[in-house]
Protein chains: 2
Amino acid sequence: MNIVLIGCGMIGGSMVIDLRHSDTITQVTGIDINEDHLKKSLELNIIDRYSEIDDAVPDAGLVILATPVDVSVEIICHILDCTGEKTVVMDVGSTKGMICAAVVNHRHRQKFVASHPIAGTEDSGPESAFAGLFKNKIALLCESKHSSEYALNRVHDVYSALGSTLIEMGAGEHDRHLAYVSHLSHISAFTLGLTVLDIEKNEQNINLLAGSGFDSTVRLAMSSPNMWGPIFSQNKQDIKTALDEYIRHLTVFRDMIVNDKKEELAVQMLRANDIRRILK
Amino acid sequence: MNIVLIGCGMIGGSMVIDLRHSDTITQVTGIDINEDHLKKSLELNIIDRYSEIDDAVPDAGLVILATPVDVSVEIICHILDCTGEKTVVMDVGSTKGMICAAVVNHRHRQKFVASHPIAGTEDSGPESAFAGLFKNKIALLCESKHSSEYALNRVHDVYSALGSTLIEMGAGEHDRHLAYVSHLSHISAFTLGLTVLDIEKNEQNINLLAGSGFDSTVRLAMSSPNMWGPIFSQNKQDIKTALDEYIRHLTVFRDMIVNDKKEELAVQMLRANDIRRILK
């Protein structure tokens with residue numbers, strides 16, 4: 001089977017690295033507007049060659065669409081236009097509402113499977129791709145009732161090869177939940193980074209005084225703006241709700257500190273401690 | 001040398017575990033209002049016996065004060081009252097302004113060294129203590145011009161045995177910097193935890209959908225309210241300044257998302273990315 005990887009970054013690259021162990025893969029063709037990413041992906045043996053959508057997609061058994069989500073929405077219909085009889089197209093983006101809406105009336109809608117593997121790091125680009133990224137992770141499938149059984153079987157095989165467990169979810173439900181458990185974390189980290197950079201003009205203090213706690217809390221501030229800007233934009237309503245709630249909690253917390261509401265503060269911290277039970 | 005550990009938790013316990021490798025230590029006496037912590041510390045061989053301040057401190061060569069910072073401020077003068085001729089007292093708390101102010105006029109001020117090792121985890125209690133916690137970490141000394149050379153030498157030896165590098169800093173400066181690079185991170189995590197717990201009534205969603213990014217950002221929400229409440233309270237002015245600035249950044253970020261200010265958003269995210277260069 002020929003694979004076409006559109007968007008040769010960390011997520012797509014990591015997928016291909018693991019899929020290459022599968023017997024059925026004959027060739028991986030990379031497509032990217034960033035020529036450096038293509039060259040690097042060739043060097044790293046992530047892809048075997050590079051090409052263009054119109055040339056590569058018709059002969060593909062599987063197209064993995066792993067571009068920033070604004071690009072995915074822009075090009076998904078053209079990709080579906082170019083598919084051959086046996087081509088299945090899956091995306092791996094962090095928002096699902098807009099891409100599902102973009103393809104809803106496409107004549108090849110059934111060839112498309114909307115998916116989102118819950119995995120990644122703060123790094124980006126093909127040089128950050130690594131084996132095993134998706135092992136024992138969850139991947140979400142959205143609106144799969146519009147995908148053919150043939151397409152779904154292929155995508156099931158992909159995630160099975162990666163070691164991920166699939167869960168079905170509506171696109172709107174997906175975007176609402178992810179606003180809270182992922183997009184909000186990224187924004188809290190980006191703004192924590194900005195706050196500390198602004199105040200600690202003496203950068204050396206950040207480096208010297210930051211413990212592992214700060215490192216961990218701010219880590220996502222290192223994430224790619226090219227990837228995250230479009231996610232925030234596509235999911236702005238749910239993110240606004242999450243951010244309003246977060247800002248409200250911060251304001252209440254601040255006021256409890258300032259006004260010496262020690263018991264109320266302890267109650268809230270104990271309540272937050274519950275995250276340990278849920279995550280572990 | 002006899003060590004008295006007041007506050008048998010994770011920080012004090014980890015210190016003693018490493019100091020036990022030193023030839024000069026003869027006995028470690030634990031003091032804690034929590035009897036379970038004393039029993040556990042005995043079981044784990046962190047302490048050899050337990051006692052009370054009035055009985056144990058006069059014969060101590062070194063008192064490590066590792067209680068929550070409100071307790072430290074409350075008892076530091078009594079501890080100094082009880083010191084013998086050769087006793088040195090060091091605290092290890094995360095705020096330095098109030099404890100330095102509490103001892104400023106004490107007749108044994110010179111026996112006290114205010115310190116803060118920049119190390120810890122979200123766990124607490126003696127069972128969370130472990131060897132090597134302070135290795136290759138920074139520890140801050142505050143207002144050490146008021147400590148005797150004898151006391152300072154002893155505390156230098158302690159941190160040298162732990163593998164930490166000492167840096168001198170004013171108490172006010174310490175609290176201002178730590179508000180940004182530590183206390184703010186804890187509040188951002190506590191409130192992120194509260195926000196997600198409030199909205200995701202279905203706890204299973206948090207567990208299923210949370211990637212490593214959320215885990216990392218929310219980790220500090222698991223921290224002990226007994227330890228952190230008093231830190232927030234003692235450093236409330238600097239924390240208010242930090243939180244006001246954080247809330248301002250979050251509000252601006254939210255408005256940029258909602259109003260499609262994509263370029264401005266990208267500029268801010270790129271600026272936040274700079275935290276990578278500074279931390280690595």
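## Two chains around an axis

A:T217 is the residue of chain A that comes closest to the rotation axis, with its C-alpha at 2.1 Å. This is a predicted model, where local features need pLDDT of at least 70 and side-chain atom pairs count only at pLDDT 80 or more, while totals for chains, interfaces and linings use all residues. Residues are numbered from 1 along each chain as its sequence is written, and chains are lettered from A, with ligands numbered from 1, in the order in which they are written.

**How the copies relate**

- A turn of 180° with a shift of 0.0 Å along the axis lays chain A on chain B at an RMSD of 0.0 Å (least squares on C-alpha atoms of residues with pLDDT of at least 70 in both).
- That makes the axis a two-fold one.

**Where the chains meet**

- Chain A puts 80 residues in contact with 80 residues of chain B (contact means C-beta atoms, placed from the backbone, within 7 Å).
- On chain A's side, α7(A) gives the most, with 21 residues (helices are DSSP runs of H or I, at least four residues, and strands are runs of E, at least two, numbered from the N terminus).
- The copies meet through the same surface, because 100% of chain A's interface residues are also interface residues in chain B.

**Inside chain A**

- The domain assignment, from an automatic or database source, gives domain 1 (2–169) and domain 2 (174–279).
- Their centres, taken over C-alpha atoms, are 31 Å apart.
- The contact between them takes 14 residues from domain 1 and 16 residues from domain 2.
- On the domain 1 side, α4 (69–82), α5 (97–103) and β7 (138–142) each supply at least two residues.

Conventions. Contact = placed C-beta atoms within 7 Å.
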